Amino acid sequence: MDDGHVPASKADFTALKDGVLEAVHDTETRLLKAFYDFAESNQKRLAATEIIGAATVERLGSIERRVTDIEKRLNLPSAS
């Protein structure tokens with residue numbers, strides 16, 4: 001009569017160990033892939049932010065030049 005209390009053999013433990021090692025390796029692979037995917041998307045987002053920032057700085061410089069030109073016209077008497 002088999003009541004489920006059969007002693008485990010060395011082969012049973014080896015098979016269990018191999019299964020656990022494979023599961024750990026698969027989990028590690030999935031985690032690394034997720035981290036690399038995150039890093040890649042984060043790098044793209046950072047690059048886009050830098051481009052937007054550079055465009056904003058350029059536009060601000062243009063506005064500052066225009067304001068300076070207006071201030072010159074208002075503050076300096078004309079040569080007429």
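A salt bridge is counted here when a side-chain nitrogen of Lys or Arg lies within 4 Å of a carboxyl oxygen of Asp or Glu. By this rule the chain holds two salt bridges. The model is predicted, so to speak of local features a pLDDT of at least 70 is needed, side-chain atom pairs count only at pLDDT 80 or more, and totals for chains, interfaces and linings use all residues. Residues are numbered from 1 along each chain as its sequence is written, and side-chain values use heavy atoms, with hydrogens and water left out.

The overall fold is quickly told: the chain has one helix and zero strands, where helices (H or I, at least four residues) and strands (E, at least two) are DSSP runs numbered from the N terminus. The radius of gyration is 34 Å, well over the 12 Å of the globule rule for 80 residues, so the chain is more spread out than a compact globule. This radius is taken over C-alpha atoms, and the globule rule is 2.2 Å times the number of residues to the power 0.38. Along the principal axes, the C-alpha atoms fill a box of roughly 120 × 20 × 10 Å.

Turning to the surface, 1% of the 80 residues count as buried (buried is under 20% relative accessible area, exposed over 50%, and partly exposed in between, with a 1.4 Å probe and protein chains only). About 7,800 Å² of the chain is exposed, and carbon and sulfur atoms supply 63% of that area. Accessible areas come from the Shrake-Rupley method with a 1.4 Å probe; for residues, only the protein chains shown count as cover. Phe13, Leu16, Val20 and Val24 make a nonpolar surface patch of about 400 Å². Such patches take residues with over 30% relative accessible area and no salt bridge, joining nonpolar side chains (Val, Leu, Ile, Met, Phe, Trp, Tyr) within 5 Å and like charges within 9 Å. Val24 is placed in helix α1, which covers residues 10-75.

Side chains of opposite charge can pair when their charged atoms come close. One such pair is Lys33 and Asp37, whose side chains meet in a salt bridge at 3.0 Å, N to O. These two residues are four apart in helix α1, and therefore separated by about one helical turn. Lys33 is exposed at 51% relative accessibility, whereas Asp37 is partly exposed at 40%. Glu40 and Lys44 form a salt bridge at 3.7 Å, N to O, and they too lie four residues apart in helix α1, about one turn of the helix. Here Glu40 is partly exposed, with a relative accessible area of 48%, and Lys44 is exposed at 55%.

Further along helix α1 comes Ala55, partly exposed at 37% relative accessible area. From Lys44 to Ala55 the separation is 11 residues in sequence and 17 Å in space, C-alpha to C-alpha.
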